[in-house]
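Visitor: I would like a close look at a single part of this model, taken slowly and with the reasoning spelled out. Please begin with one element and then follow the chain to what lies around it.

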Amino acid sequence: MNDVWPLTRSPVGTRRAWRKREEMQLRLNGQYGPEWWEVVPVFAGIAAVLGLPLVGLGWLWSRVGWWAALLAAVALAYGVRAAVRWRRAVVVQRRRRARCYSLAEIDAADDRRFRSIVGRLLLRDGWTHVRGVRISRTAVHLVGNGPDGRQLGLAFERGVEQTGEAGGRAALRPVGGAPRLPAGVAQGPRPLFVVVSSGAFARERVVWAARHGVRLVDRAVLQQWAAGEDLAVLLDLGLDDVAQPDAS
């Protein structure tokens with residue numbers, strides 16, 4: 001390949017014409033960077049954001065005193081921190097809205113789709129290693145790890161329907177007996193057991209859950225959870241409020 005030097009001509013004409021053709025080719029391919037007049041406003045904005053506070057602090061230092069500059073710096077740092085936290089909260093809220101479901105979607109889902117929806121809600125709320133474990137030929141439970149390290153065992157049950165024929169279509173077979181983590185899942189401290197229903201729970205199931213320390217998510221709670229609320233907030237989960245259930 002022939003080198004093109006400032007004082008020589010290129011094989012296809014002058015260096016200036018060759019450079020224009022190269023720039024045109026880059027523009028057509030979408031590989032040409034922004035022009036200087038497109039970049040200057042961005043740099044001017046960055047310089048203003050960084051420079052104006054420093055100028056203001058310097059003015060306070062020289063005209064008022066070092067203590068005024070220090071107070072202003074602390075206030076500025078607090079404001080920046082609040083803005084960053086607000087921005088993060090907005091981003092998190094947008095992500096949560098992207099993973100929301102309606103009761104109509106849940107009612108129309110089959111068992112597998114219902115498990116998938118609940119698993120995605122758990123992942124949205126920060127639960128990790130969420131996976132399905134087959135308990136029997138027809139029952140599959142979900143297990144996972146919570147944000148605070150506790151383990152989760154989640155089962156599905158068909159509740160006493162109060163919303164018509166559609167309510168609870170997607171629920172799985174009822175669970176029975178004392179809750180325990182499925183075989184093959186290492187049992188850590190303070191596991192959390194939850195039963196989710198797309199309908200309402202019978203009174204005897206509520207009594208059973210209270211006796212064994214199981215948290216129930218009925219249709220009303222499920223609607224709030226699917227709409228974007230955090231499961232830990234809905235169930236008022238703390239770090240030490242979930243005791244080991246009695247499996248005897």
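Guide: The model is a predicted one, and a suitable place to begin is helix 5, which covers residues 111–124. At 1.5 Å a residue, the 14 residues of this helix should span 20 Å, and because its end C-alpha atoms are 20 Å apart, the expected span and the computed one agree. Within helix 5, the buried residues are Phe 114, Arg 115, Ile 117, Val 118, Gly 119, Leu 121, Leu 122 and Arg 124, where buried stands for under 20% relative accessible area. Just after the helix, Gly 126 takes a positive phi of about 100°.

Strand 1 comprises residues 128–134 and strand 2 residues 140–145; the two run antiparallel and are joined by 5 bridges. A hairpin of 5 residues connects strand 1 to strand 2, and in this pairing Thr 128 stands opposite Asn 145.

Elsewhere in the model, Trp 59, Trp 61, Val 64, Trp 66, Trp 67, Leu 70, Leu 71 and Val 74 make a nonpolar surface patch of about 940 Å². Two elements, helix 2 (36–63) and helix 3 (66–97), each give two or more residues to this patch, and helix 3 gives the most, with 5 residues. Val 64, another member of the patch, is placed in the loop between helix 2 and helix 3. Val 64 has a relative accessibility of 43% and therefore counts as partly exposed, since that class lies between the buried limit of 20% and the exposed limit of 50%.

Methods: Residues numbered from 1 in each chain as written. Predicted model: local features only at pLDDT ≥ 70, side-chain atom pairs only at ≥ 80, totals over all residues. Heavy atoms only, no water. Pairing = 2+ DSSP bridges. Helix = DSSP H or I, 4+ residues; strand = E, 2+ residues; numbered from the N terminus. Patch = residues over 30% accessible without salt bridge, like charges linked within 9 Å, V, L, I, M, F, W, Y side chains within 5 Å. Areas by Shrake-Rupley, 256 points an atom, 1.4 Å probe, with all protein chains shown as cover. Salt bridge = Lys/Arg side-chain N within 4 Å of Asp/Glu carboxyl O. Buried < 20%, exposed > 50% of the residue type's maximum accessible area, 1.4 Å probe, protein only. Expected span 1.5 Å × (residues − 1).
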